[in-house]
Amino acid sequence: MRHFRNLRSSILPAAPPSYAKARSFSTTQHTQIATNSSPGPATRPDAIRHWDVSAANKQISRYVRAGDLDSALRLFNATPFKTTVTWNSILAYYAEKGGKLGDAQKLFDRIPEPDVVSCNTMLVCYLRDSGVEAAREFFHKMTVKDVASWNTLVTGFARSGRMREACDLFEAMPERNCVSWSAMVAGHVEAGDLGNAEKCFSAAPESVPAWTAMISGYMKFGKVDLAEKLFWDMRVKNLVTWNAMLAGYVENCEASDALKLFRVMVELGVRPNGTSFCSVLLGISNLSALSLGKQVHQLISKSPMMEDTTACTSLISMYCKCGVLDDAWRLFVEMRRKDLVTWNAMISGYAQHGAGMKALSLFDQMKEEGNKPDWITFVAVITACNHVGLVGLGVQHFESMKTDYSVEARPDHYTCMVDLFGRAGKLDKAVELIKGMPFPPHAPVFGTLLGACRVHKNVEIAEFASQNLRRVDPANAAGYVQLANAYASVNRWDQVSRVRRLMKESAVVKQPGCSWTEVGKVVHEFRSCDRLHPDLPSILEKLGELGKKMKAAGYVPEFEYALHDVGDEVKEQLLLGHSEKLAIAFGLMRTVGGVAIRVFKNLRVCGDCHTATKYISAIEGREIIVRDTTRFHHFKDGKCSCGDYW
């Protein structure tokens, strides 16, 4: 695990001017400002008039960029002499904002002499608010077009997945530029047609946008080596290119490579933006590398990016996923500008940590402040209900999505609802919900149901869930493993052996249990029954000592989680070798008292490890935080934050 060295805040630019909402100019005020700045009495009146308009246009543009339409309109209306640029400045706001097509059209119709910029801006409005067909109709009515006009429509069709129309428009273009070619490359990539993307790229003149689009394409299709080759072959790179590589590494589970590239980027003086930090912090979250996350936080705090909503939201998400909820909340409170993604990140953080009531309270606060929830918000809200057993409230929120907020239920919502019913033991309700889904059930729904069947030892429904999971996703090992676990929970070892044989015959490989913990800025990884870690002898010795103390305190190994038909002594050794126990023992050995131990696991924590960790937290007097695939468990003084409802 390599980490950052010599991160420098000085490479980032000074803070840009903040355009706070200014007081409106009266006509007199505006004229006076222009007069005071005018060259002198010898200047011709038309020159003064030109200067007035130019100054007003610049100020209107500043207001528009800051999102302050009210001030922009007041100055616009107070400006006695308007050029087409003046009108276009306001029109640009409607294009950027979206949902303002009616207002944009009214303004456009009032422009005395609309130019190609006016028309292109309206084209964007149509594309954003009414779709490609309405945009194409307006495009054909335009009396003047330039390459930007064609590029806008080509990009619109490409992003809509209508590559045939995009190709026809591309062929009909009177002239093309680098944006035209990059739009086609990106369109083919989005359509899943890497072959045509490569052909288009090969025919395109060398340009940063086209190369960047191809890099994104290779990353999307998992061809990391080809993306790397293109990237390092590029003679000129822009920030979008660097961001494409960072995002691609993270999406392809190469987070450590993303961090290495980010360090190179910083050392070369390339200024990261919110998108850069979003990818890097997501990679850090995936690695659970808290110390690196804190370094990036320091870098952001010494730069203008501390005012960037995207960067700060990514920090909140990172702290939540690394198990430091207090720091996430502190950042959330300090943020002056929050968007819906920020609220969702904090609500999701509370939900994943089992702080269901805090999550629900924050949800209410979000609505009170005028923020409309989206589908991601409701995933977090239902998850919050799920982890604290509020079944009725979870159902209520699920039903209110459509009726109160016009949010259509997605597969993720059904997965959360199945988990909600499953944890509460309402397996029949979960099955009923699955059978009533408005679209074909997906693999996670059946996998979630299988996990609940294992907990509640319901073999009949487990067989139903396993059969459907294997049908939907034959390569998914959970369809076999979880069914075998369900059989093992009721001691049906003959069926366990049968499922394992079937799994072997189907060439399906089980994902090995793996846990990792960060000690001394180094991430240490452990597998179940690990034989490779250099400190293994001392770790096993520590576990042996803990085992004796736990038994003296009343701990009894839960043999049903040792999924082999062997003697109790062997089962006890198998349980002792679970990856989370190895990671916890290592953390206890290598950290000083009072420091919380954070362990992250790629599978769900087993029941025996959950019980054992409660005992260890009391014996050692240490807080132990474990993140598995579903939630965080905070163990302290012999208790877990989940209240054993998990």
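## Cysteines

In this predicted model, Cys 278 has a relative accessible area of 35%, which makes this residue partly exposed. Cys 278 takes part in no disulfide, and the nearest cysteine sulfur, belonging to Cys 312, is 12 Å away. A second cysteine, Cys 178, is also partly exposed, at a relative accessible area of 29%. The sulfur of Cys 178 has its closest cysteine sulfur in Cys 200; the two are 13 Å apart, so the distance is too far for a bond.

A disulfide is a covalent bond that joins the sulfur atoms of two cysteines. For a pair to be counted here, the two sulfur atoms must lie within 2.5 Å of each other. By this rule, the structure has zero disulfides.

## The two sides of helix H5

Helix H5 spans residues 101–110, and its buried residues are Leu 101, Ala 104, Gln 105, Leu 107 and Phe 108. When H5 is viewed down its axis, these buried residues fall within an arc of 165°, and they therefore line one face of the helix. An α-helix has 3.6 residues a turn, so residues three or four places apart point the same way.

The face of H5 that is turned away from the buried side carries the exposed residues Lys 106, Asp 109 and Arg 110. What do the buried residues of H5 pack against? Their partners are helix H3 (69–78), helix H4 (84–97), helix H6 (116–130) and helix H7 (132–141).

## Aromatic pairs

The whole structure contains 19 aromatic pairs. One of them joins Phe 201 and Trp 211 in an edge-to-face arrangement, with 5.5 Å from centre to centre and 70° between the planes. This pair links distant parts of the chain, since Phe 201 belongs to helix H11 (residues 194–203) and Trp 211 to helix H12 (residues 208–220), 10 residues apart. Phe 201 is buried, with a relative accessible area of 15%, and Trp 211 also counts as buried, at 17% relative accessibility.

Another pair is formed by Trp 329 and Tyr 350: the ring centres are 5.9 Å apart and the planes meet at 50°, so the pair is tilted. Trp 329 lies in helix H19 (residues 325–334) and Tyr 350 in helix H20 (residues 340–352); the pair therefore ties together parts that are 21 residues apart in sequence. Is each ring residue buried or partly exposed? Trp 329 counts as partly exposed, at 32% relative accessibility, whereas Tyr 350 counts as buried, at 7%. Ring pairs also connect Trp 329 and Tyr 350 with Phe 332 and Trp 343 in a cluster.

## Charges over rings

Aromatic rings also have charged groups placed over them in this model. The charged end of Arg 176 sits over the ring of Phe 170, at 4.2 Å from the ring centre. The charged end of Lys 435 sits over the ring of Phe 464, at 5.6 Å from the ring centre.

## Annotated repeats

An unreviewed UniProt entry places the feature "repeat: PPR" at residues 83–118, 146–180, 207–237, 238–272, 308–338 and 339–373. Two of these spans can be described from the model. Residues 83–118 are 75% helix and 0% strand, and the C-alpha atoms at the ends of this span lie 12 Å apart. Residues 308–338 are 74% helix and 0% strand, with end C-alpha atoms 10 Å apart.

Definitions and conventions. Residues numbered from 1 in each chain as written. Predicted model: local features only at pLDDT ≥ 70, side-chain atom pairs only at ≥ 80, totals over all residues. Heavy atoms only, no water. Buried < 20%, exposed > 50% of the residue type's maximum accessible area, 1.4 Å probe, protein only. Helix = DSSP H or I, 4+ residues; strand = E, 2+ residues; numbered from the N terminus. Arc of directions from axis to C-beta. Contact = heavy atoms within 4.5 Å. Phe/Tyr/Trp six-rings, centres within 6.5 Å; stacked < 30°, edge-to-face > 60°. Lys NZ or Arg CZ within 6 Å of the ring centre and 35° of its normal. UniProt positions renumbered as here; feature names shortened; annotations may be inferred.
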